[in-house]
Amino acid sequence: MIDAPVIFWFRQDLRLADNPGLTAAAQQGAVIPVYILDDEQPGTWRMGSASRWWLHRSLHQLEQQLQGRLLFFAGKAEEILQRLTRAVGAEKVFWNRCYEPWRIERDRRIKETLNQTGIGVQSFNASLLWEPWEVLKGDATPYKVFTPYYRKGCLGRTVPRSPLEQAPALHFYSTTNISDGCPLAALALLPSQPWHKKLEQHWQPGEKGAHQRLNDFIAGGLDGYRQGRDFPALEQTSRLSPHLHFGEISPHQIRQTLLTAAATENISAADLDHFFSELAWREFSYYQLYHNTHLPELPLRAEFQRFPWLKDEEGLRSWQGGLTGYPLVDAGMRELWQTGFMHNRVRMVVGSFLVKNLMLPWQQGESWFWDCLVDADLASNAASWQWVAGCGADAAPYFRIFNPVTQGQKFDPDGAYIRRYLPELAQLPTRYLHAPWTASADMLEQANVRLGVDYPLPIVDLKTSRKRALAAYQMVRQGH
Ligand code: FAD
């Protein structure tokens, strides 16, 4: 034990259990836990509104778990940590690693500056099963394709560590002499307009909520996950993504809990494997971001920089507001607006519609998602948008254009998802629900739908917009 306190800096690891950095700090002696909101700096991706709401709620939970001893700061982490270490005489600062390029760069700088003043810094891995720099091909270059990355590079290399068994017993250092911290409310994470109230009905941010979500998934979603995960009306996916993003639960804990459940319960290997491979897509997203720091802004396939994207403010607004006239697209966009979430199948459909049918730049979809999603994640959002747009490393080919009508018929066959988010179409018979403009005038009248008044007519024709997108793609491929 040493007398000087250790500062533990919480970041994307808002939990006590299986927190390697916090556990190591606790083993050193008295701890000062801090959270610093520093995403207002130029060059950072300022957190979106839904994420800020989540963060507020999650920090509130964490503060209670830490018996009110969590110190909050807003500003430049570099300066705050220097001031704080001096004020309390700390000789060590511990944190868990983050992988966003701006954070990697900032953390490197902070470590250097603290080291220069004799302060030791230790960082730990709390959020990835495999470190991105450790998984490389035989020729020491990064993988570009998911399956060999996962099967050979990850699974073929090492088994992820087991989660730490217990949350550490914490001994807090007295911080009554610290004057520049602030209360959580002063971080001003909540919006001034109370739109976030609707999110409260859907989520329970924090470590407890994360474990509850995992248990619910094991009890009700895992069985049949492989097939059911594509049907947005079903509660078949875990909805763990925001909890994972904020580090309220680790992928190690999820993996271990599922393996334990599988050992005693009748869980099919196919469901389990498929779920693990989805977790691995998350890892692959971080991997791509780590090895391509411009992933959020620039296409990985350079030829896409020449793509003749359109400018269409009105089209963009219709897409954002769920008013395109294509029910599956609109239901997805309204799910996003109402709940801060969208089912993965529908994310792919709305993404394809924006990038291919409207021919708007994928970065515009990425930004909207960034602001609205509670699970907005720089790595997964950027990698997924590049996948949808066909310009990513292991992406859906550009010519694969989702048809929102047939996708709806296939994955929302009885229209339960569409009816949930588009009440104005609820009375339409299922046969017409995915393409309301094909219903007769009588049918529409009986269902109380006035197309163009209660619900929009399609803003773009699927056939001609598809052709236009394919022609643009051909042009780019041929180097025009
Ligand atoms: P489950 O099916 O239960 O999967 C378990 C976990 O695996 C998820 O929680 C998530 O962490 C991970 N995962 C699953 N699918 C993917 C995937 N395709 N890529 C990366 N990780 C995955 N995910 C985010 O976490 N943040 C984002 O900002 C984000 N933006 C996306 C944007 C687009 C255009 C698309 C097509 C996908 C995006 N995804 C994003 C990936 C995926 O849609 C979500 O992770 C998933 O819907 C979360 O729901 P779930 O937790 O119920 O998933």
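How many Å lie between a backbone N or O atom of Arg239 and an oxygen atom of the ligand? In this predicted model, that spacing comes out at 2.6 Å. A second backbone approach involves Leu240, where a polar backbone atom is 3.0 Å from an oxygen atom of the ligand. Asn381 brings in its side chain instead: one of its polar atoms lies 3.2 Å from a nitrogen atom of the ligand. As for how much of the ligand ends up covered, the molecule on its own would expose 820 Å², and the protein buries 95% of that.

Now for the wider surroundings. The shell around the ligand counts 26 residues, and the closest of them are Tyr225, Thr237, Ser238, Arg239 and Asn344. Arg239 thus turns up both in this closest group and in the backbone approach described at the start. Sorted by class, the shell holds 12 nonpolar residues, eight polar ones and six charged ones.

The ligand takes up the space of the largest pocket. Four helices each give two or more residues to the shell: H9 (241-245), H11 (269-291), H14 (344-357) and H16 (378-389). H11 supplies the largest share, with six residues. Two residues already mentioned can be placed on these helices: Asn344 falls at the start of the range of H14, and Asn381 falls within the range of H16.

What about the pocket itself? The largest pocket has a volume of about 1,200 Å³. Its lining is made of 45 residues, and those closest to the centre are Arg229, Glu278, Trp281, Asn344 and Ser384. Asn344 is therefore a name to keep in mind, as it is listed among the closest residues to the ligand and among the closest to the pocket centre. The helices that give two or more residues to the pocket lining are H9, H11, H14 and H16. H11 gives the most here, with eight residues. By class, the pocket lining splits into 21 nonpolar, 13 polar and 11 charged residues.

Then there are the closed spaces. The structure has five cavities of 30 Å³ or more, and the largest cavity holds about 120 Å³ of space. Its lining is drawn from Gln12, Asp39, Trp45, Met47, Glu100, Trp102, Arg103, His245, Phe246, Trp370, Asp377 and Leu378. Six of these lining residues are nonpolar, two are polar and four are charged. His245 and Leu378 also fit into the picture above, with His245 at the end of the range of H9 and Leu378 at the start of the range of H16.

How values were computed
Residues are numbered from 1 along each chain as its sequence is written. This is a predicted model: local features need pLDDT of at least 70, side-chain atom pairs count only at pLDDT 80 or more; totals for chains, interfaces and linings use all residues. Side-chain values use heavy atoms; hydrogens and water are left out. A residue is near a molecule or strand if one of its heavy atoms lies within 4 Å of it. A polar contact is a pair of N or O atoms within 3.5 Å; within protein, one must be able to donate a hydrogen and the other to accept it, and residues adjacent in sequence count only if both atoms are side-chain atoms. Accessible areas come from the Shrake-Rupley method with a 1.4 Å probe; for residues, only the protein chains shown count as cover. On a 1 Å grid over the protein atoms alone, a cavity is a set of points where a 1.4 Å probe fits but cannot get out, and a pocket is an open set with protein on both sides within 12 Å along at least five of seven lines; lining residues have an atom within 4 Å of a point. A molecule sits in a cavity or pocket if more than half of its atoms lie within 2 Å of its grid points. Ala, Val, Leu, Ile, Met, Phe, Trp, Tyr, Cys and Pro count as nonpolar, Asp, Glu, Lys and Arg as charged, and the others, Gly among them, as polar. Grid points are joined across faces, edges and corners, and a volume is the space filled by probe spheres set on the points.
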